[in-house]
Amino acid sequence: MKLGYIGLGAMGGALARRLMESGPLTVFDLNPELCAGFAAEGAEVAESAAAMARACDMVLLCLPRSANVRAAIFGPDGLAEGLTPGKLVIDQTSGDPSETRKLAAELAERGVGMLDAPVSGGAKGAAAGTIAMMIGGAEESYARAVPVFDRIGPNHTFCGPIGSGQVLKLVNNTISTCNRFALLEGVAVGVKNGITMETMVEVLNAGGARSKSSETMLPALARGLPQPQFALALMLKDLNLATQLAMDSGAPLQFGQLARGMLQAASNELGPEANIDEISKLVEAQAGVLFRE
């Protein structure tokens, strides 16, 4: 079974390299420098997405937005020009579930299967094989793809019909963003009242406030260490999608919408290219404190 991967940015590149560790891989990206780097590492570079589709049995994608996925599939020289019945497209983008369902329906008309398989855990987790994958689609397509997911890492879960993985990814990112803001504001109160960052790292991670943010972001802040790069604009995109999903579903998302508004304000202040960890600087400025000891 020949595999292809489209989207060689921070996350897609890390996922593609995991696949390369256990077998050959064909890659494609609109950035020729990224393609050249993968070629130097032993990957085969396709001339286009269409050429990749003709050569590969399964094609995985990891792109910024669902609009990019649609362009990669149905745009000029897109995958659709080379896909034939029986092939499988796996979208690892943190995308729009409703758009993904439309894409899957259009591909099904051509006899092509589709799974959505977004990930959580960052590029570092992808490189280490500890990434969590949330899979949506037909069970038989998932069964076909299990050996491929196993090559990326053992933490993959079938979540239901197409779009289910992306729904859960939006839920995951909404909760993690709420945790991040709640932690930053709570810690600011502690610092204002004389509690050291070292003490808060120890106590919060031993009690009910423990979260991924308290375990990773908080110690890094206390020591002034750099944190994993993730664009604020991409997290804002996910919370915008989550807000729309909640509205369409008739479900409350009051804390999520508050976090979305805070991310929007941070984006306005810091710019769309800012890293997500820079929101800590805004909380420091608002509270008049420094988190670094």
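Q: Which helices do the buried residues of helix 10 pack against?
A: This is a predicted model: local features need pLDDT of at least 70, side-chain atom pairs count only at pLDDT 80 or more, and totals for chains, interfaces and linings use all residues. Numbering runs from 1 along each chain as its sequence is written, and side-chain values use heavy atoms, leaving out hydrogens and water. Helices are DSSP runs of H or I with at least four residues, strands are E runs of at least two, and both are numbered from the N terminus. The buried residues of helix 10 pack against helix 8 (164-192), helix 9 (197-204) and helix 13 (279-287).

Q: Which residues of helix 10 are buried?
A: Buried means under 20% relative accessible area, exposed over 50%, and partly exposed in between (1.4 Å probe, protein chains only). In helix 10 the buried residues are Ser213, Ser214, Met217, Leu218, Pro219, Ala220, Leu221 and Ala222.

Q: What distance does helix 10 reach from its first C-alpha to its last?
A: Helix 10 covers residues 212-223, 12 residues in total. The expected span is 1.5 Å times one less than the number of residues, here 16 Å. The model is close to that, at 17 Å.

Q: Which residues does Leu218 touch, not counting those up to four places away in sequence?
A: Leu218 lies in helix 10. Its relative accessible area is 2%, so Leu218 is buried. Contact here means heavy atoms within 4.5 Å. The partners are Leu183, Val187, Met197, Met200, Val201, Leu204 and Ser213.

Q: How is Gly224 classed, buried, partly exposed or exposed?
A: Gly224 follows helix 10 and has a positive phi, near 70°. Its place is in the loop between helix 10 and helix 11 (232-249). Because its relative accessibility is 43%, Gly224 counts as partly exposed.

Q: What C-alpha distance separates Gly224 from Phe291?
A: Phe291 is paired in space with two residues here. Leu218 is 73 residues from Phe291 in sequence and 8.8 Å from it, C-alpha to C-alpha. Gly224 is 67 residues from Phe291 along the chain, and their C-alpha atoms are separated by 8.1 Å.

Q: Which residues touch the most other members of the largest nonpolar core?
A: A nonpolar core is a set of buried Ala, Val, Leu, Ile, Met, Phe, Trp, Tyr and Cys residues joined through side-chain atoms within 4.5 Å. The largest has 30 residues, and those touching the most other members are Tyr5, Leu15, Leu19, Leu25, Ile90, Leu115 and Phe149.

Q: Which elements give two or more residues to this core?
A: Both strands and helices contribute. They are strand 1 (3-6), helix 1 (10-20), helix 2 (32-40), strand 4 (58-61), strand 5 (88-91), strand 8 (132-136) and helix 7 (139-152).

Q: How many residues make up the second, separate core?
A: This core includes Met200, Ala222, Met235 and Leu282. Two of these names appear above: Ala222 is buried in helix 10, and Met200 touches Leu218. The size of the second core is 27 residues.

Q: Which residues make the nonpolar surface patch of about 240 Å²?
A: Patch members have over 30% relative accessible area and no salt bridge; like charges are joined within 9 Å, nonpolar side chains (Val, Leu, Ile, Met, Phe, Trp, Tyr) within 5 Å. One member, Ile175, is found in helix 8 and counts as partly exposed because its relative accessibility is 49%. The patch is made by Leu168, Val171 and Ile175.

Q: Which residues is Thr243 in contact with, leaving aside neighbours within four places in sequence?
A: Thr243 lies in helix 11. At 7% relative accessibility, Thr243 counts as buried. Its contacts are Leu253, Gln257 and Arg260.

Q: What is the N to O distance between Lys2 and Glu44?
A: A salt bridge puts a side-chain nitrogen of Lys or Arg within 4 Å of a carboxyl oxygen of Asp or Glu. Lys2 is partly exposed at 32% relative accessible area, and Glu44 is partly exposed at 44%. Their side chains meet in a salt bridge at 3.5 Å.

Q: Which residue is linked with Arg70 and Glu99 in a network of salt bridges?
A: Arg70 and Glu99 meet at 2.5 Å, N to O. The pair joins helix 4 (residues 66-74) to helix 5 (residues 97-108), 29 residues apart. Arg70 is partly exposed at 25%, whereas Glu99 is buried at 17%. The network also holds Glu106.

Methods. Accessible areas come from the Shrake-Rupley method with a 1.4 Å probe; for residues, only the protein chains shown count as cover.
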